[in-house]
Amino acid sequence: MYLGIDLGTSGVKAMLIDADQTVVGSASGREVETARLHAGWSEQDPADWIRATEEAIASLRAAHPAEFSAVRGIGLSGHMHGATLVDADDRVLRPCIMWNDTRSHREAAALDADPRFRKITGNIVFPGFTAPKLAWVKNNEPDIFAKVRWVLLPKDYLRLWLTGEHLSEMSDSAGTSWLDTGARRWSAELLAATDLEERQMPGLVEGTEPAGMLRPELSSKWGLGEGVVVAGGAGDNAASACGMGTVREGTAFVSLGTSGVLFAANASYLPNPESAVHAFCHALPNTWHQMGVILSATDALNWHSRVTGASAADLTKELGEVLKAPSSVTFLPYLSGERTPHNDAAIRGAFLGLGHESGRPVLTQAVLEGVSFALRDNLEALKSAGTRLSCVTAIGGGSRSHYWLKSIATALNLPVDLPADGDFGAAFGAARLGLIAATGANPTEVLTAPATAETIEPEAALTAAYEDAYQRYRRLYPAIRAAY
């Protein structure tokens, strides 16, 4: 048996699979609270991650005691970019500064102005990345900065608790702005630019490789045998790609989660930072990926739900099943800034074109279309970085809305595959990596794609109208930005 642990933004999910990769069961811990002390801030207490993990494990053990006792490998996944600062005694120095925290936008701009960062990492230094957060801590909390012995990414703090090891892997580390992404190693030059040393970074392995053994205390507590291997694992999007089998050149998925992602696997390193596309290492050796990221996907619909007082499901149900021509109302989903293609932490969302006739369904339609057009921005950015896609697979909570998937297919003008029933997300990908690390199995034989239940084609009768609406959408960002 093999265990996948996915540390999500809102909670922890644990999944158990057998040697045939059949899902035996899954469980979640309590919701992890996010503190927002100031505008643009987002922090979590790493102790809450451990509590949520323990709860998820306890639930999984209670439901499947015999199967759980046979666990031989564990894989880890987690939200990326978080700055978890640990002292020499492995004590957390301050709450983790999260991926969607934009307080370090000035520090990010300063680092990005240093041409070495884009050249070595292949990426813009975004405010959400780890390096500018450490620069912010140095500038604003110097006493804490002076005590930093280890800078750990969120899932790797869980690894420290599980194994006692200070280790990370390539896919997650590529989102720090300190990794030489092509060479797959820390850059001492970039670390020095933020007054850090390589000794303060965790050791690096590939996501498919062993990265520690489960501590005897936890093995005993959970009723496991000795020698349980913990895999390197992956950042959440790379882990989802492992769950979806998106590991070969030309394969891609669109993720409709809190944030939105257009992810394409690459057999070579293809950086193009000017496009604001992320060029990261994949969880497999000698494999990379490109990724466009929007900061609010289902988050935009959830915001609309809170404002209107109707559930997200009820809002999308009001639209029916037949895709409509684009609304005269345009929604810009920049509720917490935007990454691809704008790299703009200050921009904020907007409805434009409101009229007396703009009722709730019209606004809901505009929200879904706004996210679809933001993903189209990502597709255009990937094209500029040398990637051409023929179809994408949809994952994430938002993919439960067929209307939204039809909108995305038509905005991208690409078929969207919907996987057969099953959970192929980050927890499943992490469990697969645990299996590979524990058994030495060939990654490409394990990380296969699920069967396709349905293919949603673009609505040919609406592609021209969607193209016109997308061009209008593109013109609005510079107009709004000028106002800011």
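User: What does Ala35 touch, not counting residues up to four places away in sequence?
Analyst: Ala35 touches Trp41, Ser42 and Glu43 once those sequence neighbours are set aside, where contact means heavy atoms within 4.5 Å. This is a predicted model, in which local features need pLDDT of at least 70 and side-chain atom pairs count only at pLDDT 80 or more, while totals for chains, interfaces and linings use all residues. Residues are numbered from 1 along each chain as its sequence is written, and side-chain values use heavy atoms, with hydrogens and water left out.

User: Where is Ala35 found?
Analyst: Ala35 is in the loop between strand 3 (23–28) and strand 4 (43–44); helices (H or I, at least four residues) and strands (E, at least two) are DSSP runs, numbered from the N terminus.

User: Is Ala35 buried or exposed?
Analyst: Ala35 is partly exposed, with a relative accessible area of 32%, given that buried means under 20% relative accessible area, exposed over 50%, and partly exposed in between (1.4 Å probe, protein chains only).

User: And how many Å apart are Ala35 and Val247 in space?
Analyst: Ala35 and Val247 are 35 Å apart, C-alpha to C-alpha, and 212 residues apart in sequence.

User: Trp41 came up there; which residues does Trp136 touch?
Analyst: Trp136 touches Trp41, as well as Arg94, Ile97, Arg103, Ser104, Glu107 and Glu141, not counting residues up to four places away in sequence. Trp136 lies in helix 5 (residues 130–140) and is buried, with a relative accessible area of 9%. The C-alpha atoms of Trp136 and Val254 are separated by 32 Å, and these two residues are 118 apart along the chain.

User: Let's zoom out: how many helices and strands does the protein chain have?
Analyst: The protein chain has 18 helices and 24 strands. Its radius of gyration, taken over C-alpha atoms, is 22 Å, close to the 23 Å that the globule rule gives for 484 residues, so the chain is as compact as a globular protein of that length. That rule is 2.2 Å times the number of residues to the power 0.38. Along its principal axes the C-alpha trace spans about 65 × 50 × 40 Å.

User: What percentage of the residues count as buried, and what about the contacts?
Analyst: Of the 484 residues, 61% count as buried. Among contacts with a separation of 6 or more, residues 24 or more positions apart account for 73%.

User: Which helix has 14 residues and reaches 20 Å?
Analyst: That is helix 16 (residues 426–439), whose reach from first C-alpha to last is close to the 20 Å expected at 1.5 Å a residue, the expected span being 1.5 Å times one less than the number of residues. Twelve of its 14 residues are buried, so helix 16 is largely enclosed by the rest of the structure; among those buried are Ala426, Phe428, Ala430, Arg432 and Ile436. Helix 16 is followed by Gly440, whose phi is positive, near 75°.

User: What about helix 11, mostly covered or not much covered?
Analyst: Helix 11 (residues 236–244) is mostly covered, with eight of its nine residues buried, including Asn237, Ala239, Cys242 and Met244. Helix 11 is followed by Gly245, which has a positive phi near 75°.

User: What is Ser77 in contact with, leaving aside its neighbours within four places in sequence?
Analyst: Ser77 is in contact with Ile5, Asp6, Leu7, Lys155, Ala234, Gly235, Asp236, Ala239, Ala426 and Ala430. The place of Ser77 is in strand 5 (residues 73–78), and at 0% relative accessibility Ser77 counts as buried.

User: Back to backbone angles: which residues other than glycine have a positive phi?
Analyst: Two examples are Gln21, with phi near 70°, and Ala276, with phi of about 65°. Most residues other than glycine have a negative phi, and most peptide bonds are trans. Gln21 is found in the loop between strand 2 (12–17) and strand 3 and is buried, with a relative accessible area of 18%. Ala276 is found in the loop between strand 17 (260–266) and strand 18 (278–281), and at 1% relative accessibility it counts as buried.

User: Where does a cis peptide bond occur?
Analyst: A cis peptide bond joins Thr340 and Pro341, with omega of about 5°, and Pro341 lies in the loop between strand 20 (330–332) and strand 21 (350–352).
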